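Trainee: I am new to this structure and would like to know how its labels are justified. Can we go through them one at a time?

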Amino acid sequence: MQLDLKTIEALAPDQASLGAAAKLTKRSNWPRLEAHEQLPLIWGECQGSGSNPYRVAFDTSDHGYKCTCPSRKFPCKHILALTWIGATAPASFARVDQTPDWVNDWLSRRRKPGQPPATGPARAEGKSIDEASRLEEAPPVEDAAAAERREAAQRKRAEDTRSAVSAALDELDQWIADQLRLGLAGFVDASSERCRRIAARLVDLKATALAGRVDELPAKLMALRGEERPDAAIRELGKLVLLAKAWRAAPDDAELKRLVSTSETRDQILANPDAVQVESDWEVLGEKIEARRDGLVSHATWLLDLKSTTPRFAVLLDFFPASAGRRSGAFAAGDRFRARLVFYPARNPLRALVAERLGDVAPGTWPTFAPDAAGDPLAACAAFQDGAPWLSDCPIILPAGAIALDEKDGAWWQAASDPHGIALPVAGSVHQTLLGIDLAATAALWNGARLELLASQSSIGRLDLS
Amino acid sequence: MNELDQAGLARLRDGWISGGAMFEFAPVEWKEVATASSPDEQERRLLAIAAQALDVALRPAAPKTLKRRPPLPVLALPMLPERLRPLLRAALKYAADARLKTRVAALVASRGFVLHPMDWMPSVSDQESPDIYAPWVDWQAGADSQKQSRREDLTAETWDDFYPAARRSALIDLRRSAPALARTLIETKGASEPAEVRLALVELMRFGLGADDVPFLKSLSADRSGKVREMAGRLLARLGERGNQADGGSEDSTAELAAFIEEGKSGFIRRRATYAPIKPKSQAQQARRADLFASCYFGDLVVRFGRTEPDFIGAWQFGVDDGADLFLVRMVAVSGSDEAVASLADLLAAAGGRLAILGLQLTARLDSGRKRVLVRQILNDAQNLAALILVEGAEAGWLEWSDLAKGKTLPALRSAVSGDNDVTRRNAEQYLEAVGFLASPVSAEKLIGEVVAAGLPPASPSLSLLRLNAALAGNPNQMINPEKIA
């Protein structure tokens, strides 16, 4: 590794980046740090503010780099921190002779520069590693009066937010009543414009999360056939009513606050003693990546607990600006790993963070989950809805079945035990080969109208369906 | 939810679709829960109850006519191990077209595995994939896998029990082991098939083609389909039979083509004939010449000059006109006799350089040994390595490290991957893909080391097929018919 602190100074876009990088140089932020034995490459996974760790790679020969974080600073603080560790504590890197796929992927797409990297004091002007280190070592001390003022301001802000959100929900209620009065046929046709308008009001009144949900409603409706849209509108608007009522009854409830206004930070979740923690073996079932109308991309990675006797799921949820381009996730479908997950407090805990990754797990099949006694594949969804009726997507494990087509070539999942009875419509189109494969078990998301397939177990192994 | 609730929900739904207050029409129990001081609040409460009812109490009604496909047939080879699937997917992703993807499948089949159907499936019209995939081709075409599993030897009685891909595969085997039996089947069963199927059946006559096939092929001159007549004419031409006036071998056309070729003499002591192309005077003449080379039969042409096919090939002046050289080689590939094809291949391989690359046009008709000679020569010359991608019907995994190391290949490769010339580098990457199919696992492993040491990124996608090849090292080549692979 040919890294020195002067090079890092020169690479840093500004002093603030160096300061931020200094805070990330703690080994605990990096569940994985590796260096290639022969190639001039170092890489690592840095636990950032997202639920997935960021993947950071650096070529020490030409100072090329790659990070999956959405930062618009180049290089970002994660790159700087990785190189900083490389320069000051090279022993922290495990020596390996193989590069992981995501590093390979980056290497195969990057173009090497024609000239060696330019470094020198001129480019390091105004930026100092020493200063950044001092900042980290000596955080400013706040006096008692200032702390009280800050807390008072925080309380005031929270009170203001609560009043604003309450007003937002009043407006939402009125808007819903108006849609019923004007007719859902007209609402479905004009949902894009109408939802955009009320979503903007909700944003103004600090109900940001709710605004995002309302903004996505037209896309949900349009994904369905015309005759299904009124029912979907009733379902979605009814859920908004329930959510608004629940929030009014318990405005400090963490789950409801998260769904209506803003989410907790990663640090808050990790520090929350009420947050459920589960250490287990997890399999990545699949990903759901959606570009939202508010310019963000939501990236959901669904996990299955391989040690639980009943189906237990987790979702790692990240948002990043669509303008940041395509991001590679930290996990690939089918990956298995041992980890300690911390769940966001909720009635049905699903959203989680990877607190600690404890190594990979060998491939294999899923545990055998006992089917519902009454043979209802959606029994788990009913229980899920009892706990939190305002939620839409419910993860389930379907029993043995197969995919069949209706007359319009729409795909349906059909239970193997009852080929003429229970069948559930599948969202989107399916891989034609899937029509000839018997599925031993299928993981999917049920949104009340459609199944979104994530993965299946079959006689020919695991099938990625997301 | 009882029937009253369902009827009430339907009323609410219909009312809300057109708009208006629906509280009065709600089921009694729902009204009790939803009663509130304001009409708007009552409607919202009803909406929440209706939403829950739709979510929990109602299930989508499954259509009565859901169609299920028959189970995907289980193939005779095991599936590629899960740990190798990422490598396979990388190789498939890098393969630019269906032909190259099929080549990946062929390499894997040669090592005793089939691909996972979610990674790759042969298409309905696929005739290039290894035989092992015939049941999947037929499944894609809608075949009932139960029927396939009952199949026995292909005979006139069992003809209808076979779906097209399986039948094609069985007929090829039969043409090799008992050509007369296969011909009789094609003759008797093909007559009642549509033109497209007849053409595909007659095309199979090229396997094990022999003099005994002449009467049947001649009988096809009366076939209703022009394409079938043309195919039969080409096959007859390969057997040394002269073309007829109606198809391809028109005397006038052959004479016109002969006029584009100049006969000369060379040598001082033993004067011998030479044949060289005459430079066309216009674009139109050039196009006409190309058409004539494509439509006339080689046997007819050489007869015009009073020569045998090998003699004519020996006397052709290669290098005078590159276009004419290519047309001639293609002509021999289509309608030349086996002897002509072999002598031309030997001549081109011996000449090496650009001419050896022309020889790739013949590979579909060359035996395994000649193909190898040609590939080795091209490797040795290292003039246009990317052209190896054109080798048809080659076997997978035979190229040894000595074949690669002794010629100019490795220096050329090293220079291409370490240089800045994008075109050369791209050609080198295509070459790596081609060799990824041809190389033995040991050669693949060594070649990866060589090019990475020369500066190619270790993760370059162009190495993906080589990596897959090397990773399949534990599985020696299986006997897969090379004619059916590429």
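Mentor: Start with a helix. This is a predicted model, and in it helix α25 of chain B, residues 464-471, is mostly covered.

Trainee: What makes α25(B) "mostly covered"?

Mentor: The count does: 6 of its 8 residues are buried. Those residues are Ser464(B), Leu465(B), Leu466(B), Leu468(B), Asn469(B) and Ala470(B).

Trainee: What covers the buried residues of α25(B)?

Mentor: The cover includes α4 (85-94), α5 (98-110), α23 (422-438) and α24 (441-453) of chain B.

Trainee: How many disulfides does the structure hold over all chains?

Mentor: Over all chains there are 0 disulfides. Cys67(A) is an example: the nearest cysteine sulfur belongs to Cys76(A) and is 3.6 Å away. A disulfide needs the two sulfurs within 2.5 Å, so a pair at 3.6 Å does not qualify.

Trainee: Why is Cys67(A) called buried?

Mentor: Its relative accessible area is 14%. Buried means under 20%, so Cys67(A) meets the cut-off.

Trainee: How do you know that Cys381(A) is in no disulfide?

Mentor: The nearest cysteine sulfur, in Cys394(A), is 3.1 Å away. The limit is 2.5 Å, so this pair is not counted either. Cys381(A) has a relative accessibility of 6%, and that is under 20%, so Cys381(A) is buried.

Trainee: Now the domains of chain A. Which are they?

Mentor: Chain A is divided into domain 1 (5-137), domain 2 (144-260), domain 3 (266-360) and domain 4 (379-464). Take domains 3 and 4 of chain A, whose C-alpha centres lie 21 Å apart.

Trainee: What makes domain 3 and domain 4 of chain A count as in contact?

Mentor: In domain 3 of chain A, 13 residues are in contact with 15 residues of domain 4 of chain A. Between them the two domains bury about 1,200 Å², with 66% of it on carbon and sulfur atoms. Leu285(A), Lys288(A) and Asn348(A) supply 38% of the area that domain 3 of chain A buries there, more than any other three residues.

Trainee: Why is the pair Lys288(A) and Asp393(A) called a salt bridge?

Mentor: Their side chains meet at 2.7 Å, N to O. The limit is 4 Å from a Lys or Arg nitrogen to an Asp or Glu carboxyl oxygen, so the pair qualifies. Across the interface of domains 3 and 4 of chain A, the rule finds 3 salt bridges and 6 residue pairs in polar contact.

Trainee: Which strand gives the most to the side of domain 3 of chain A that touches domain 4 of chain A?

Mentor: Strand β6(A) does, with 4 residues.

How values were computed: Residues are numbered from 1 along each chain as its sequence is written. Chains are lettered from A and ligands numbered from 1 in the order in which they are written. This is a predicted model: local features need pLDDT of at least 70, side-chain atom pairs count only at pLDDT 80 or more; totals for chains, interfaces and linings use all residues. Side-chain values use heavy atoms; hydrogens and water are left out. Buried means under 20% relative accessible area, exposed over 50%, partly exposed in between (1.4 Å probe, protein chains only). Helices (H or I, at least four residues) and strands (E, at least two) are DSSP runs, numbered from the N terminus. Contact means heavy atoms within 4.5 Å. Domain bounds come from an automatic or database domain assignment. Buried area is the accessible area (1.4 Å probe) that two parts lose on being put together, summed over both. A polar contact is a pair of N or O atoms within 3.5 Å; within protein, one must be able to donate a hydrogen and the other to accept it, and residues adjacent in sequence count only if both atoms are side-chain atoms.
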